[in-house]
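Let us read this structure feature by feature. Each turn starts from a general idea and then moves to the case at hand.

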Amino acid sequence: MAAAGVVSGKIIYEQEGVYIHSSLGKTNDQDSLISGILRVLEKDAEVIVDWRPLDDALDSSSILYAGKDSSSVVEWTQAPKERAHRVAEHLNSYEAEWDMVNTVSFKKKPHTNGDAPSHRNGKSKWSFLFSLTDLKSIKQNKEGMGWSYLVFCLKDDVVLPALHFHQGDSKLLIDSLEKYVALCESPQDKRTLLVNCQNKSLSQSFENLLDEPAYGLIQKIKKDPYTATMVGFSKVTNYIFDSLRGSDPSVHQRPPSEMADFLSDAIPGLKINQQEEPGFEVITKIDLGERPVVQRREPVSLEEWTKNVDSEGRILNVDNMKQMIFRGGLSHALRKQAWKFLLGYFPWDSTKEERTQLQKQKTDEYFRMKLQWKSVSEEQEKRNSRLRDYRSLIEKDVNRTDRTNKFYEGQDNPGLILLHDILMTYCMYDFDLGYVQGMSDLLSPLLYVMENEVDAFWCFASYMDQMHQNFEEQMQGMKTQLIQLSTLLRLLDSGFCSYLESQDSGYLYFCFRWLLIRFKREFSFLDILRLWEVMWTELPCKNFHLLLCCAILESEKQQIMEKHYGFNEILKHINELSMKIDVEDVLCKAEAISLQMVKCKELPQAVCEILGLQDSEVTTPDSDNGEDENTGMTICPASAFQSNLLLVLTASGGRDDNPTEISMSPNVSRLTPA
């Protein structure tokens with residue numbers, strides 16, 4: 001029954017005939033039984049449990065919200081009329097910040113005059129809804145004791161009224177909830193189901209982690225950085241304030257600097273200000289010179305690719321081909337073929353026959369691994385907690401796959417089934433790492449392009465070889481990248497860095513999501529295909545993705561500084577950039593930054609190492625007798641790609657629109673990282 005004001009969303013579960021017994025001593029009195037409808041809905045990656053009386057028209061003026069008096073006793077409080085409209089809009093939007101209704105309780109606050117608070121609608125007061133992220137436990141009835149019922153206990157020990165299932169079993173509801181959270185019996189009471197009682201370390205879901213008021217956020221970031229950053233940054237920011245605020249009035253005004261300290265502690269070993277740490281080079285402000293203007297070319301066509309293949313199927317002039325891909329990307333018809341080379345699944349110098357044999361070998365290997373988990377019985381899986389946990393996380397993430405692409409439309413879409421199977425097989429391939437939330441984001445574009453289960457798996461395995469450290473429990477890869485990004489940004493704009501630090505944002509936590517899954521959530525599906533193939537060329541330098549971060553941040557610098565954004569506003573602003581960034585513009589800016597740095601003769605050692613530019617003694621071209629006016633100065637030479645491009649820029653004053661005419665210098669070899 002859809003009543004006015006009922007929130008919308010995808011209905012996961014719906015059951016009528018779910019009653020609240022408002023007076024347990026009068027079960028024969030019909031007035032004490034309130035019939036309602038229970039729904040579980042999903043919208044914008046948020047899962048909501050909603051119960052309301054069947055005849056409740058949801059008059060917005062009688063919407064109730066949870067308030068706390070000075071003694072922190074939770075009570076029902078009627079929404080003031082001036083807030084009623086806003087509350088109704090809040091419910092209809094199905095936002096996750098359930099600040100009005102998510103911590104409802106039916107504990108009555110004592111009143112000095114002995115009167116209970118009055119309500120204009122006797123049944124509206126029983127309506128409630130809450131986000132699944134707030135659920136702590138579920139208590140079940142004893143078997144054989146009348147109607148089955150469930151009692152939801154929210155975090156902070158807020159207890160909702162028992163829901164009695166007069167027309168059906170409550171087990172279907174439990175099954176629906178288990179698609180999103182892990183439930184297990186409490187060791188103290190088998191009737192109580194605890195939410196996510198297992199220790200899943202890095203893979204645990206954000207909503208199910210430790211919930212100590214002051215340190216809950218830190219634990220969530222430590223144990224599941226993916227989910228903690230996948231949800232909207234505005235939600236994370238509000239949670240930061242709420243978790244630090246707690247119920248103690250003495251901590252209600254914690255300064256942003258203290259919040260930043262908590263966040264920096266969330267990733268052990270990450271230091272916000274590197275310059276104060278021993279072993280780091282102090283980067284002073286230097287003149288990087290003029291930044292060149294960069295233009296991009298059209299995507300590499302199938303015809304251009306074919307011209308670079310010999311009679312046996314070998315790719316000719318690989319370096320030149322990579323340069324073309326870097327400058328323009330690939331036409332979509334070519335991706336299925338070229339990505340296998342870019343990701344290392346196919347060797348660049350292999351023949352067509354060799355690749356055919358390799359695919360046969362890899363096909364056999366893949367299906368042997370797939371058979372391993374397919375042959376595990378339910379009883380065996382019950383005894384293998386790791387495999388069971390991997391499956392649970394995979395199913396949850398696959399259900400959240402971006403459906404804007406037709407390849408993944410529909411609940412039972414074959415693409416979604418293949419995503420699940422490939423990820424389960426990867427757990428057999430790398431059982432130590434297993435599955436960590438975020439991996440499905442890396443796989444879905446690969447499967448879309450390959451349209452083949454086996455090829456998608458091996459491309460994914462190759463990609464994970466590059467991204468492995470991002471998902472390891474100690475998060476060493478993320479620590480390193482955030483420190484390196486800070487180093488690069490300080491070189492480019494020390495003033496902006498200082499401003500971010502003054503707003504306790506110098507730890508660059510808002511870039512975490514970008515780095516973790518390589519911008520997957522920041523660009524449209526088609527744009528991410530272009531971005532990834534450009535990055536896979538490994539041009540024009542090592543860690544090019546960090547320069548992409550710099551390019552985006554540099555574009556947002558003016559607005560952030562001119563509007564004096566603080567800690568909260570910076571997080572919110574960066575989050576709202578998602579799907580609004582021009583991929584070609586960012587690629588141009590990032591490449592221009594790399595060229596600007598390469599031309600600089602005084603590039604700091606730390607930056608040289610980050611970009612993979614080896615230090616060496618280089619003489620200037622003005623020296624005819626081998627003597628160098630800058631002898632003894634340590635500088636970073638350009639890579640072969642950059643050296644040739646710089647020659648073109650110098651000669652023409654712009655970028656050559658025909659990259660195939662840029663030849664590789666025989667005197668400059670590709671430089672390896674220091």
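**Reading the features**

K572 and E576 meet in a salt bridge, with their closest N and O atoms 2.6 Å apart. The model is predicted.

Q: Is each partner in that bridge, K572, buried or exposed, or somewhere in between?

A: K572 is partly exposed, at a relative accessible area of 38%. E576 is partly exposed too, at 37% relative accessibility.

Q: How many salt bridges does a search of the whole structure find?

A: Start with the principle. Side chains of opposite charge can pair when their charged atoms come close. Here the search of the whole structure gives 27 salt bridges.

Q: Which side chain meets E584 in a salt bridge at 2.5 Å?

A: That of R296, the 2.5 Å being taken from N to O. This pair links distant parts of the chain, 288 residues apart. E584 belongs to helix α22, residues 583-599. R296 sits in the loop between α6 (256-266) and α7 (302-307).

Q: With which residue does E584 form a salt bridge at 3.6 Å?

A: With R530; the 3.6 Å separates the closest N and O atoms. This pair also links distant parts of the chain. R530 lies in helix α19 (residues 525-536), and 54 residues separate it from E584 in helix α22.

Q: Are these partners buried or exposed, starting with R296?

A: Take them in turn. R296 is buried, because its relative accessible area is 17% and the cut-off for buried is under 20%. R530 also counts as buried, at 14% relative accessibility. E584 is partly exposed, with a relative accessible area of 30%.

Q: Which residues are joined into one network by salt bridges that share partners?

A: The network holds R296, R335, R530, E533 and E584.

Q: What span should helix α20 have, at 1.5 Å a residue?

A: Helix α20 covers residues 544-562, which is 19 residues, so it should span 27 Å. Its end C-alpha atoms are 28 Å apart, which agrees.

Q: Where is the kink in α20 centred?

A: On E556, with an angle of about 45 degrees. Just after α20, H564 takes a positive phi of about 55 degrees.

Q: Which residues of α20 are buried?

A: Begin with helix geometry. An α-helix has 3.6 residues a turn, so residues three or four places apart point the same way. In α20 the buried residues are F544, H545, L546, L547, L548, C549, C550, A551, I552, L553, E556 and I560. The kink centre, E556, is among them.

Q: How many disulfides does a search of the whole structure find?

A: A disulfide is a covalent bond between the sulfur atoms of two cysteines. The search finds zero. C511 is in no disulfide, and its nearest cysteine sulfur, that of C549, is 5.3 Å away.

Q: Why is the sulfur of C549 not bonded to that of C511?

A: Because 5.3 Å is too far for a bond; the cut-off is 2.5 Å. Burial is a separate matter. C511 counts as buried at 0% relative accessibility, and C549 counts as buried at 0% as well.

Q: Which way do the residues of strand β6 point?

A: F128 and F130 point one way, L129 and S131 the other way. All are buried. The strand runs over residues 128-131.

Q: In what sense do strand β3 and β6 pair?

A: In the antiparallel sense, over four bridges. Strand β3 covers residues 46-53. D50 stands opposite L129 in β6.

Q: Which residues does L135 touch, not counting those up to four places away in sequence?

A: F130, F152, C153, L154, K155 and V195. L135 lies in strand β7, residues 135-140. L135 counts as buried, at 2% relative accessibility. Sequence separation is worth a check here. L135 and V181 are 46 residues apart along the chain, with 9.5 Å between their C-alpha atoms.

Q: Where is S170 found?

A: In the loop between β10 (163-165) and α2 (171-177). S170 counts as buried, at 6% relative accessibility. Leaving aside neighbours within four places in sequence, S170 is in contact with S148, L150 and F165.

Definitions and conventions:
Residues are numbered from 1 along each chain as its sequence is written. This is a predicted model: local features need pLDDT of at least 70, side-chain atom pairs count only at pLDDT 80 or more; totals for chains, interfaces and linings use all residues. Side-chain values use heavy atoms; hydrogens and water are left out. A salt bridge is a side-chain nitrogen of Lys or Arg within 4 Å of a carboxyl oxygen of Asp or Glu. Helices (H or I, at least four residues) and strands (E, at least two) are DSSP runs, numbered from the N terminus. Buried means under 20% relative accessible area, exposed over 50%, partly exposed in between (1.4 Å probe, protein chains only). The expected span of a helix is 1.5 Å times one less than its number of residues. The bend at a residue is the angle between axes fitted to the seven residues ending there and the seven starting there. Contact means heavy atoms within 4.5 Å. Two strands pair if DSSP finds at least two bridges between them.
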